[in-house]
Amino acid sequence: MNMINNKLRVVNIVGARPNFVKIAPIMHAMLQSEKIEPILLHTGQHYDYEMSESFFKELSIPEPDVYLEVGSNTHAKQVATIMEKFDDYLDTTHIDMVLVVGDVNSTMACTIVAAKRGIKVVHVEAGIRSWDRTMPEEINRMVTDSIADILMPPSRDAVENLKKEGHDDSKIHMVGNIMIDTLIQQQANIDRSEILQKLGLEKREYALLTLHRPSNVDQIADLSQIMDAIEQIQKQIKVVFPVHPRTRKMLGKFNLTSKIESFDKLIFTNPLGYHDFGRLVRESRFVMTDSGGIQEETTVYQIPCITLRANTERPITITQGTSELAASKKEVIVKFAGQILNGDWKKGTIPDLWDGKTAGRIVEVLERC
Ligand code: UD1
């Protein structure tokens, strides 16, 4: 509690691209609250303009109060650097609570530091599980949830996972999906994006591809299979591919860049800003992705989604939404794309509390703390 203004001092942690999308509505709602004093801390896990600063501008996120400049490294070293620098920061000021979002390295690292100091941690997007521990994010999720004090799952399945792991009901607050707040709040700006004209695209006459998971891009066998599938698909429909820095690096390393540059209807771009990317999703015929957030956004937009993963921590996007798992299997990806192009795909429904009001519910819970 700030002794001068009697407000709860909450430090909100961001590090990587999906965090920015989640923190924007939370910061805006906290700034409206009379009981909370929000502080924004950026670890610097993502630092390129397109991966970080552009999101602050487009989503009107206030400048971070603290920037740790950790940069890229192996996972252990990156986590260690974040922990060390965050610990030093906490020596300089009084904090009542740490709020973390999602499942990136910054989420877990800051949770451990705060928990060790006895500072309350709230985790937004708690309880989602892929049950696949080869995925770095799964470790981050399990560690974070096991020591956080307040757990805010986005969906019923996540609530059930937390209960099965032995968390008491009193710690669990089902607040809904925070990413969807941003999608709804930014809709007018998304609609104004001119990315279709810029890339020479017509509505529903292109597919969209994103790829960045180590399980898809770090081994030549998987990356080649996916690219072979794309070779087939782009013969039937244009494919737009904003390339993540990790993927660009691996395509170069495996000498695949010139091969895929020769595909006639594959259109490459740098990573895109939030509004341009949202417009591309909304107007596409279908999306192929290994991103969890995009599985959720396609579910809300009711756009078919071929998920390039063997499992997902967001099963509701399959059971209720528009997504199906294809892993990195060429035949399955091509078969699903064919089905979609033939009009043979589910429409899906929008899950409970994916309604744009999640940030309000988060602040309400914290104001009662
Ligand atoms: C991270 C998250 C992942 C999230 C993804 C969104 C973890 C474990 N992973 O993965 O959950 O879905 O962000 O993008 O936290 N790089 C740049 N510029 C940048 C950032 C990274 O060029 O601004 C390059 C670096 O060479 C780096 C590589 O991309 O080594 C990967 O970045 P890193 O933050 O380690 O993981 P992501 O794959 O982005």
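The paragraphs below lead through the ligand site, the strands and the aromatic pairs of a predicted model.

Because the model is predicted, local features are reported only where pLDDT is at least 70, and side-chain atom pairs only at pLDDT 80 or more, whereas totals for chains, interfaces and linings use all residues. Residues are numbered from 1 along each chain as its sequence is written, and side-chain values rest on heavy atoms, with hydrogens and water left out.

The ligand is a convenient place to begin. It is surrounded by 20 residues, the closest being Gln 45, His 46, Asn 105, Glu 137 and Lys 249, where a residue counts as near if one of its heavy atoms lies within 4 Å. Sorted by class, this shell holds 6 nonpolar, 8 polar and 6 charged residues; here Ala, Val, Leu, Ile, Met, Phe, Trp, Tyr, Cys and Pro count as nonpolar, Asp, Glu, Lys and Arg as charged, and the others, Gly among them, as polar. Helix H1 (17-32), helix H5 (136-147) and helix H12 (245-253) each contribute at least two residues to the shell, and H12 gives the most, with 3 residues. Helices and strands are DSSP runs numbered from the N terminus, with at least four residues of H or I for a helix and at least two of E for a strand.

Several side chains make polar contacts with the ligand, a contact being a pair of N or O atoms within 3.5 Å. A polar side-chain atom of Glu 137 lies 2.5 Å from a ligand oxygen, while an N or O atom in the side chain of His 212 is 2.9 Å from an oxygen atom of the ligand, and the side chain of Arg 246 likewise places an N or O atom 2.9 Å from a ligand oxygen. Of the 740 Å² of accessible area that the ligand has on its own, the protein covers 89%, as computed by the Shrake-Rupley method with a 1.4 Å probe.

Turning to the strands, 6 of them form an open sheet with parallel pairing, in the order E3-E2-E1-E4-E5-E6; two strands pair if DSSP finds at least two bridges between them. Strand E3 (66-67) and strand E6 (150-152) stand at the edges with a single partner strand each, so one side of each has no neighbour in the sheet. Strand E4 (residues 97-101) runs parallel to strand E5 (residues 120-124) and is joined to it by 5 bridges, with Val 98 partnered by Val 121.

Strand E7 (residues 206-210) has 5 of its 5 residues buried, so it is largely enclosed by the rest of the structure; buried means under 20% relative accessible area, exposed over 50%, and partly exposed in between, with a 1.4 Å probe and protein chains only. Tyr 206, Leu 208 and Thr 210 lie on one side of E7, and Ala 207 and Leu 209 on the other. E7 pairs in the parallel sense with strand E8 (residues 238-242) over 3 bridges, and with strand E10 (residues 286-289), also parallel, over 4 bridges.

E8 also leads to the aromatic pairs, of which the whole structure has 5; ring centres must lie within 6.5 Å, and planes under 30 degrees apart count as stacked, over 60 as edge-to-face and the rest as tilted. The rings of Phe 241 and Phe 268 have centres 6.0 Å apart and planes at 40 degrees, so this pair is tilted. Phe 241 is buried, with a relative accessible area of 0%, whereas Phe 268 is partly exposed at 30%.

Conventions: A polar contact is a pair of N or O atoms within 3.5 Å; within protein, one must be able to donate a hydrogen and the other to accept it, and residues adjacent in sequence count only if both atoms are side-chain atoms.
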